[in-house]
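User: I'd like to learn how to read burial, contacts and ring pairs off a model. Could you walk me through one?

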Amino acid sequence: MRVHVGMPSTYNTDWGTWNITYFVVSPTTKGLFLVRARDLRSAQSVFFAGNISGVADAQIGRAVLAGKVAGRDSANGQVFDRHEELVINASAPSDWAKTTYKAPQWGAYVGYPKGLSGCILFQVDYDGHTQTLVYGY
């Protein structure tokens, strides 16, 4: 799995920053992916939310917000829950990958609380394996 942060869909709130993020999976890979993230310096959790842009986006909505709800935030006139986990079902169709040259991807907003170091570890668990990705913002 690869993580691609989209721009300029960024929202700054009193709580932190939300970026649109796309999770890309190989077209031949199937199954469930559990995604969690945290700051490497502080070990503070990073959170997930659905579409807070108000703009229709075919990649958002297929990934399932999961895990404990750790509060609420608001951006762009919308109030939403902050979730600790995201589940991606790579066996389900991705609206993005309707042509052979596009890899399947699922979108969600990723929220970074204020005060993080900017060095984020994404942990992806699937089919008895764990993959980690480090992302800096």
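Analyst: Sure, and keep in mind that this is a predicted model. Let's begin with burial: a residue counts as buried when its relative accessible area is under 20%. Leucine 121 comes in at 11%, so it counts as buried.

User: Where does leucine 121 sit, and which residues does it touch?

Analyst: Leucine 121 is part of strand E8. Setting aside residues up to four places away in sequence, it touches Arg36, Ala37, Arg38, Leu40, Thr132, Leu133 and Val134. Take valine 134 from that list: its C-alpha atom is 4.6 Å from that of leucine 121, although 13 residues separate the two along the chain.

User: Good. What does the overall fold look like in terms of helices and strands?

Analyst: There are nine strands and zero helices, so to speak a string of β elements from the N terminus on: β-β-β-β-β-β-β-β-β. For burial, 41% of the 137 residues count as buried. As for contacts between residues at least 6 apart in sequence, 62% of them join residues at least 24 apart. The accessible surface is about 7100 Å², and carbon and sulfur atoms account for 50% of that.

User: How do I read a nonpolar core, and how many residues does the largest one have?

Analyst: Think of buried nonpolar residues joined through side-chain atoms within 4.5 Å. The largest core here has 20 residues, and Phe23, Val35, Phe48, Leu86, Ile88 and Phe122 have the most contacts inside it. Strands E3 (32-39), E4 (45-49), E6 (78-89), E7 (105-113) and E8 (119-126) each give two or more residues to this core. E7 supplies the largest share, four residues. A second, separate core has eleven residues, including Trp15, Tyr22, Phe47 and Ala75.

User: Now the rings. How should I describe an aromatic pair?

Analyst: You give the distance of the centres and the angle of the planes. This structure holds eight aromatic pairs. One of them is tryptophan 18 with phenylalanine 80, edge-to-face, at 5.1 Å centre to centre and 85 degrees between the planes. Tryptophan 18 belongs to strand E2 (residues 16-24) and phenylalanine 80 to strand E6, so the pair ties together parts 62 residues apart in sequence. Both tryptophan 18 and phenylalanine 80 are buried.

User: Which residues do ring pairs link into a cluster?

Analyst: Trp15, Trp18, Phe47 and Phe80. Phe47 also has a charge to deal with: the charged end of arginine 82 sits over its ring, 5.3 Å from the centre.

User: What about histidine 83, is it buried or exposed?

Analyst: Buried, with a relative accessible area of 12%. Histidine 83 lies in strand E6. Leaving out neighbours within four places in sequence, its contacts are Val46, Phe47, Phe48, Leu65, Ala66, Gly67, Lys68 and Val69.

User: Let's finish with a loop residue. Where is serine 53, and why does it count as buried?

Analyst: Serine 53 is in the loop between E4 and strand E5 (64-75). It counts as buried because its relative accessibility is 14%. Its side chain makes a polar contact with the side chain of asparagine 51, at 2.7 Å. Not counting residues up to four places away in sequence, serine 53 touches Tyr11, Asn76, Gln78 and Tyr109.

Conventions: Residues are numbered from 1 along each chain as its sequence is written. This is a predicted model: local features need pLDDT of at least 70, side-chain atom pairs count only at pLDDT 80 or more; totals for chains, interfaces and linings use all residues. Side-chain values use heavy atoms; hydrogens and water are left out. Buried means under 20% relative accessible area, exposed over 50%, partly exposed in between (1.4 Å probe, protein chains only). A polar contact is a pair of N or O atoms within 3.5 Å; within protein, one must be able to donate a hydrogen and the other to accept it, and residues adjacent in sequence count only if both atoms are side-chain atoms. Contact means heavy atoms within 4.5 Å. Rings of Phe, Tyr and Trp (its six-membered ring) pair if their centres lie within 6.5 Å; planes under 30 degrees apart count as stacked, over 60 as edge-to-face and the rest as tilted. A charge sits over a ring if NZ of Lys or CZ of Arg is within 6 Å of the ring centre and within 35 degrees of the ring normal. Accessible areas come from the Shrake-Rupley method with a 1.4 Å probe; for residues, only the protein chains shown count as cover.
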